[in-house]
Amino acid sequence: MPPSEPRPSPRAPSVLGVVLQIARKDLLVEWRSREILYTMSFFAVLVVVIFSFAFVGEGKSGAVAGGILWVVIPFAGVLGLGRAFDRERDGDTHQALLLSPASRAAIYLGKLLGVFIFISLSELVVVPLLLLLFSLRASSPSLLGGLLLLGTLGFAAVGSLFAAPLMQSRSRDVLLPVLLFPIITPLVVAGAKGTAALLAGPGELAGAMVWLKLMAAFDLVFVALSLWAFGPLTRAE
Amino acid sequence: MAQRVNPPTTEPVPFTELRLREVRKVFGRRPALAGVSCDFRAGELALLMGPNGAGKSTLLAILSTLSRPSSGQVLFGELDHARAEAELRGRIGLLAHAPLLYRQLSSRENLLFFARLYGFAAAPAEAAVGAWLARVGMVAEADKPVQALSRGMTQRVALARALLPDPELLLLDEPFTGLDREAIELLQVELRAASEAGKIVIVVSHDLEAMSGLPGHLAVLRRGKLVAEHREPGLPAAALLERYRAAL
């Protein structure tokens, strides 16, 4: 094509399209390797089993189970988070993503969605196992689902924000949890408290709702902040 | 070209010139580029040479917008690198040391993924990917995971990835490394075609046999500075080597 002619130049595809493409790609890669799900689920199950034996003599209360669950989720999650971003570093594919006309916000949301799905799938294994080993029932399964959903979303939102710029750092495995865990502490505390309230019985539903709202506010703030910060954090230096 | 999901309302005029003015890049206290000024033109294939540590890869990173100069100006036509990063995205093709492909996905899946990321709708993406797989001779291997492919085959897919969105600027970093004769000839054909199609093509390479007769512009970097420039089309390998040695 002669250079002087106007040409149909690449245009930014829709945000939703990019988000779905990136998440779909991450799921497809995971389906082929199954590294993340197996690693996260194995670690989470192991921790839950160890704690269930450790607390035999202490009495297996809802408060203990809630605490265990919200220790397992971020620690297992950080394994999956690190690997999900390591895959972009393996073939320098993050460079190909950044060269594309896709907006930084869409790339961020796509990675977030992938990480969210990985952690949610491992929770499908861990939560029933925890309830079984501790002989507990949630007074409102839907509210427990809501707590897990919001907690996982908040973790994936903050985690994806920090994991992307740390990809090129040699100390990323150390830096990621050091940066991530202090920020998500309110989310983890709210998750543990809310879960404990739900496992204590129907009388504590109102208390669980308060923690749920706190988690929703955390997610709102951090997803908005991350959408704004992801571009500058991944910008070329 | 295949139809896009969001067809542009006002089509941007392609840039026909790439101008570098006193481009510097400093890592810590070490200057990787120490004031490079140079012009690259559409339709003129440029060969960038220099010894190790001359700043070639740093310059390619800046031209690809994956890095920013510490000072100086890079103008893509009228677009300034510093202010128009978003507008430039999607208009630059990069064939780097790494293939920029997902190892667990097949060639077809990789190309389809990037086609969709560049705004191709589903059916045109399929058509464009099929055409590029045929063009780089990868139809038979299209559904094998990239990690099962040889270096030469991976490089063919990487070339298709770089050219798929029809970029205006094509950057290649040592593209002939590890390729067999057939793959080298394929790459030579594609480089010539890209240049004749009016793209700005810049190749970093020390394989002068493979580059023989291709470049119309030879630029030599040494210690972060441009030490020589020759605009002579069709120079054979021996003449390229002679000019390179004279520059150093």
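Two residues are in contact if their C-beta atoms, placed from the backbone, lie within 7 Å. The model used in these exercises is predicted.

**Exercise 1. Find what share of the contacts in chain B between residues at least 6 apart in sequence join residues at least 24 apart.**

Solution.
Step 1. Keep the contacts in chain B between residues at least 6 apart in sequence.
Step 2. Among these, pick the ones that join residues at least 24 apart.
Step 3. Their share is 72%.

**Exercise 2. Test the radius of gyration of chain B against that of a compact globule.**

Solution.
Step 1. Chain B has 248 residues, so a compact globule would have a radius of gyration near 18 Å.
Step 2. Chain B has 18 Å, which agrees.
Step 3. Add the box: the C-alpha atoms of chain B fill roughly 50 × 40 × 35 Å along the principal axes.
Step 4. Add burial: 48% of the 248 residues in chain B are buried.

**Exercise 3. Describe the open sheet of four strands in chain B and name its edge strands.**

Solution.
Step 1. Take stock: chain B has eight helices and 10 strands.
Step 2. Read the strand order of the sheet: 2-1-4-5, with antiparallel pairing.
Step 3. Look at the ends. Strand 2 (30-41) and strand 5 (79-80) of chain B each pair on one side only, which makes them the edge strands.
Step 4. Follow one pair. Strand 4 (residues 71-76) and strand 5 of chain B are joined over two bridges, in the antiparallel sense. In strand 5 of chain B, B:Asp80 stands opposite B:Leu75.

**Exercise 4. Which strands does helix 1 (residues 56-63) of chain B lie across?**

Solution.
Step 1. Helix 1 of chain B lies across strand 1 (17-27), strand 2 and strand 4 of chain B.
Step 2. Now the angle: helix 1 runs at about 60° to strand 2 of chain B.

Terms used:
Residues numbered from 1 in each chain as written. Chains lettered and ligands numbered in written order. Predicted model: local features only at pLDDT ≥ 70, side-chain atom pairs only at ≥ 80, totals over all residues. Rg over C-alpha atoms; globule rule 2.2 N^0.38 Å. Buried ≥ 20, exposed ≤ 12 C-beta atoms within 10 Å, placed from the backbone. Pairing = 2+ DSSP bridges. Axes fitted to C-alpha atoms, helices over the stretch in contact; angles between N-to-C directions.
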